Amino acid sequence: MYAIVRSGGKQFKVWEKAVITVEKLEVEDGAIIELTDVLLVSNDGKLTVGTPNVAGAKVTARVLSTAKGKKVHGYTYKPTKGVQRHYGHRQWHTQLIVTGIQGA
């Protein structure tokens, strides 16, 4: 059984015990959350597609950690003025482990 869920504007294919990394969620480590934005559920070959969400379907997950990701380096340069600038950014993310999928 697997499902496709949407979180933070991105879609993830999840199944039992899958570990996914999503955009930062305002929850504590170890908390149990429910993802109700389920787009598709597959149960033993039976496919249920939502329009846009599957009614009554939800995915439960436990929060493993909230941390910063890898650093992304950027660089801008304007040749006419000789101006250059270096910058970096580290995006926050939340790591989840899927504990259950309830389909419609």
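# Exercises on an all-strand chain

In this predicted model, look at contacts in the chain between residues at least 6 apart in sequence: 64% of them join residues at least 24 apart.

## Exercise 1. The chain as a whole

Task: Find which elements the chain holds, and set its radius of gyration beside that of a compact globule.

Solution.
- Step 1. Count the elements. The chain has zero helices and eight strands.
- Step 2. Read them in order. From the N terminus on, they run β-β-β-β-β-β-β-β.
- Step 3. Take the radius of gyration. The chain has 19 Å, whereas a compact globule of 104 residues would be near 13 Å.
- Step 4. Add the spans. The C-alpha trace covers about 60 × 30 × 20 Å along its principal axes.
- Step 5. Look at burial. Of the 104 residues, 29% count as buried.

## Exercise 2. The open sheet

Task: Work out the strand order of the four-stranded sheet, and say why S2 and S6 each have one side without a neighbour.

Solution.
- Step 1. Write the order. The open sheet runs S2-S1-S5-S6, with antiparallel pairing.
- Step 2. Find the edges. Strand S2 (10-15) and strand S6 (46-49) stand there, each with a single partner strand, so one side of each has no neighbour in the sheet.
- Step 3. Note the twist. From one strand to the next, it averages 15°.

## Exercise 3. Pairing S1 with S2

Task: Follow the bridges from strand S1 to S2, then examine the hairpin between them.

Solution.
- Step 1. Count the bridges. Six of them join S1 (residues 2-7) to S2, and the two strands run antiparallel.
- Step 2. Take Ala3. Its bridge partner in S2 is Val14.
- Step 3. Move to Ile4. Its bridge partner in S2 is Lys13.
- Step 4. Look at the turn. The hairpin has two residues between the strands, and Gly8 takes a positive phi near 65°.
- Step 5. Return to Lys13. It also lies over the face of Tyr2, at 4.5 Å from the ring centre.

## Exercise 4. Two residues of S5

Task: Decide whether Ser42 is buried or exposed, do the same for Val38, and list their contacts beyond four places in sequence.

Solution.
- Step 1. Place Ser42. It is found in strand S5 (residues 38-43).
- Step 2. Apply the cut-off: buried means under 20% relative accessible area. Ser42 is at 9%, so it is buried.
- Step 3. List the contacts of Ser42. Leaving aside neighbours within four places in sequence, they are Met1, Tyr2 and Leu47.
- Step 4. Place Val38. It too sits in strand S5.
- Step 5. Apply the cut-off again. Val38 is at 1% relative accessibility, so it counts as buried.
- Step 6. List contacts of Val38. With neighbours within four places left aside, they include Ala3, Ile4 and Val5. Pro52, Asn53 and Val54 are also among them.
- Step 7. Check a distant residue. Val38 and Tyr87 are 49 residues apart in sequence and 37 Å apart in space, C-alpha to C-alpha.

## Exercise 5. Rings

Task: Find the aromatic pair and classify it, then find a lysine over the face of Trp92.

Solution.
- Step 1. Search the whole structure. One aromatic pair turns up.
- Step 2. Classify the pair. The ring centres of Tyr75 and Tyr77 are 6.5 Å apart and the planes stand at 5°, so the pair is stacked.
- Step 3. Check accessibility. Tyr75 has a relative accessible area of 44% and is partly exposed. Tyr77 is partly exposed at 46%.
- Step 4. Turn to Trp92. Lys24 lies over its face, at 4.9 Å from the ring centre.

## Exercise 6. Unusual backbone

Task: Locate Lys17, Asp44 and the cis peptide bond at Pro52, and describe the backbone at each.

Solution.
- Step 1. Recall the rule. Most residues other than glycine have a negative phi, and most peptide bonds are trans.
- Step 2. Test Lys17. It is not a glycine, yet its phi is positive, about 65°. It lies in the loop between S2 and strand S3 (19-23). At 68% relative accessibility, it counts as exposed.
- Step 3. Test Asp44. Its phi is also positive, near 55°. Its place is the loop between S5 and S6. Its relative accessibility is 74%, so it counts as exposed.
- Step 4. Check the peptide bond. Thr51 and Pro52 are joined by a cis bond, with omega about -5°. Pro52 lies in the loop between S6 and strand S7 (58-78).

Methods: Residues are numbered from 1 along each chain as its sequence is written. This is a predicted model: local features need pLDDT of at least 70, side-chain atom pairs count only at pLDDT 80 or more; totals for chains, interfaces and linings use all residues. Side-chain values use heavy atoms; hydrogens and water are left out. Two strands pair if DSSP finds at least two bridges between them. Axes are lines fitted to C-alpha atoms, for helices over the stretch in contact, and angles run from 0 to 180 degrees between N-to-C directions. Buried means under 20% relative accessible area, exposed over 50%, partly exposed in between (1.4 Å probe, protein chains only). Contact means heavy atoms within 4.5 Å. Rings of Phe, Tyr and Trp (its six-membered ring) pair if their centres lie within 6.5 Å; planes under 30 degrees apart count as stacked, over 60 as edge-to-face and the rest as tilted. A charge sits over a ring if NZ of Lys or CZ of Arg is within 6 Å of the ring centre and within 35 degrees of the ring normal. The radius of gyration is taken over C-alpha atoms; the globule rule is 2.2 Å times the number of residues to the power 0.38.
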